[in-house]
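Here's a quick briefing to read alongside the coordinates. Have a look at the fold first, then go through the points below.

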Amino acid sequence: MQVTAHDYSDNVNQLIAYIEEYKHFDQIISINVGNAIKFINQDSLVAIEVYGDELRFFSEKTAYTTRGRLYKTLEKLDRRFVQIARGTVININYLQSLEAGFSGNMTAIMKNDRKINVSRRYLINLKERLGL
């Protein structure tokens with residue numbers, strides 16, 4: 001988004017600063033980890049997986065475990081995230097390739113060499129998001 005004005009008064013500059021700050025905040029996911037609240041930038045979030053009643057957030061360098069619902073987390077994420085299985089969401093910016101698996105499933109190969117199964121049920125959503 002670009003803001004233009006005939007005259008860049010202090011009010012206009014404050015508005016631009018506010019919008020930029022809000023855009024940055026919108027990119028942050030906050031999760032409860034033990035007795036702390038961790039903040040993860042969506043840019044560094046590779047995948048989210050469900051294990052029982054826990055959610056695991058995998059960033060480029062670390063993994064965080066918390067309790068929660070995947071569908072609630074999906075509501076907070078932007079368009080680069082796509083659900084590829086009942087309990088798995090990936091950041092398509094980290095998707096390196098897709099390989100055929102057995103029984104019609106695919107395997108998503110992530111840039112960090114992590115392999116994640118893509119279920120047939122969610123494959124169409126992934127292909128749409130990738131423009132295939």
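About 9,000 Å² of the protein chain is exposed, and carbon and sulfur atoms supply 48% of that area. Keep in mind that this is a predicted model. Of the chain's 132 residues, 33% count as buried.

**Overall layout**
- The protein chain has three helices and ten strands in its secondary structure.
- Going along the sequence, the elements come in the pattern α-β-β-β-β-β-α-β-β-β-β-β-α.
- Take the contacts between residues at least 6 apart in sequence: 37% of them link residues at least 24 apart.

**The three-stranded sheet**
- Strands β8, β9 and β10 make an open sheet in the order β8-β9-β10, with antiparallel pairing.
- The edges belong to β8 (95-100) and β10 (115-118); each has a single partner strand, so one side of each lacks a neighbour in the sheet.
- From one strand to the next, the twist averages 30°.

**Where β9 meets β10**
- Strand β9 covers residues 106-110 and is joined to β10 by four bridges, with the two running antiparallel.
- If you want a spot to zoom in on, Met-106 sits opposite Val-118 in β10.

**The helix on the sheet**
- Which strands does helix α3 touch as it packs on the sheet? Helix α3 (residues 120-130) touches β8, β9 and β10.
- As for orientation, the direction of α3 makes about 135° with that of β8.

Key. Residues numbered from 1 in each chain as written. Predicted model: local features only at pLDDT ≥ 70, side-chain atom pairs only at ≥ 80, totals over all residues. Heavy atoms only, no water. Pairing = 2+ DSSP bridges. Axes fitted to C-alpha atoms, helices over the stretch in contact; angles between N-to-C directions. Contact = heavy atoms within 4.5 Å. Buried < 20%, exposed > 50% of the residue type's maximum accessible area, 1.4 Å probe, protein only. Areas by Shrake-Rupley, 256 points an atom, 1.4 Å probe, with all protein chains shown as cover.
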